[in-house]
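Biologist: I'm new to this. Could you show me how to read a protein model, feature by feature?

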Amino acid sequence: MIVYLLSMKQLSTFLLIICSLALFGQHKPLTFKTDTIALAEVAAHMNSYKVVCGSIERITTTDADIEKVHLIRVGDGEDRVTLVVWYTDALDWDPPFEEWLAVGDNICVQGQISAYGGQPRIEVGNQGQVHK
């Protein structure tokens with residue numbers, strides 16, 4: 001009986017570790033003090049996982065080749081980043097995407113900075129990446 005309980009405890013620990021790695025092992029934990037960069041610095045941090053803060057200047061919803069997508073421009077002029085939220089991902093947001101984010105909101109977003117058409121962007125896969 002003790003051997004059985006011990007092996008069940010070990011199995012539970014193993015499963016907990018595996019699940020934790022699957023859920024949280026993709027990116028290192030971020031801290032706003034050390035991982036936040038200014039909008040003017042975004043281009044210098046391509047392919048880095050960072051936190052970027054700013055004001056929402058524009059929100060558009062468009063039909064991409066594959067599916068509908070929300071494009072959120074944070075910042076203006078040269079100092080900006082576009083957040084990409086696929087429509088199917090936004091369906092899981094609570095409160096709903098359309099009610100939670102609005103032009104003029106100050107937000108911080110964490111994610112992988114990449115480029116599309118020469119412009120910096122961050123794909124937002126879940127609402128937890130965005131902080132108001």
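**Reading the core and the loops**

Modeller: Sure, and keep in mind that this is a predicted model. Let's begin with the inside: the largest nonpolar core has 21 residues, and Val-52, Leu-83 and Leu-101 have the most contacts inside it. The elements giving two or more residues to this core are β2, β3, β4 (79–86), α4 and β5 (106–116).

Biologist: What's the general idea behind a core?

Modeller: In soluble globular proteins, nonpolar side chains tend to be buried together. Here, take Val-52: leaving aside neighbours within four places in sequence, its contacts include Ile-37, Val-81, Val-109 and Ile-122.

Biologist: Is Ile-72 buried or exposed?

Modeller: Buried means under 20% relative accessible area, and Ile-72 has 1% relative accessibility, so it counts as buried. Ile-72 sits in strand β3 (residues 68–76). Beyond its neighbours within four places in sequence, Ile-72 touches several residues, among them Ile-56, Leu-83, Phe-97 and Leu-101.

Biologist: How far apart are Ile-72 and Val-103 in sequence and in space?

Modeller: They're 31 residues apart in sequence and 8.9 Å apart in space, C-alpha to C-alpha.

Biologist: Now the loops. Which residue other than glycine has a positive phi?

Modeller: Look at Asn-47, with phi near 65 degrees. Asn-47 lies in the loop between β1 (36–37) and β2 (49–63). Exposed means over 50% relative accessible area, and Asn-47 has 61%, so it's exposed.

Biologist: And which residues does a cis peptide bond join?

Modeller: Asp-94 and Pro-95, with omega about 5 degrees. You'll find Pro-95 in the loop between α3 (87–90) and α4 (97–100).

Terms used:
Residues numbered from 1 in each chain as written. Predicted model: local features only at pLDDT ≥ 70, side-chain atom pairs only at ≥ 80, totals over all residues. Heavy atoms only, no water. Helix = DSSP H or I, 4+ residues; strand = E, 2+ residues; numbered from the N terminus. Buried < 20%, exposed > 50% of the residue type's maximum accessible area, 1.4 Å probe, protein only. Contact = heavy atoms within 4.5 Å. Core = buried A, V, L, I, M, F, W, Y, C linked by side-chain atoms within 4.5 Å.
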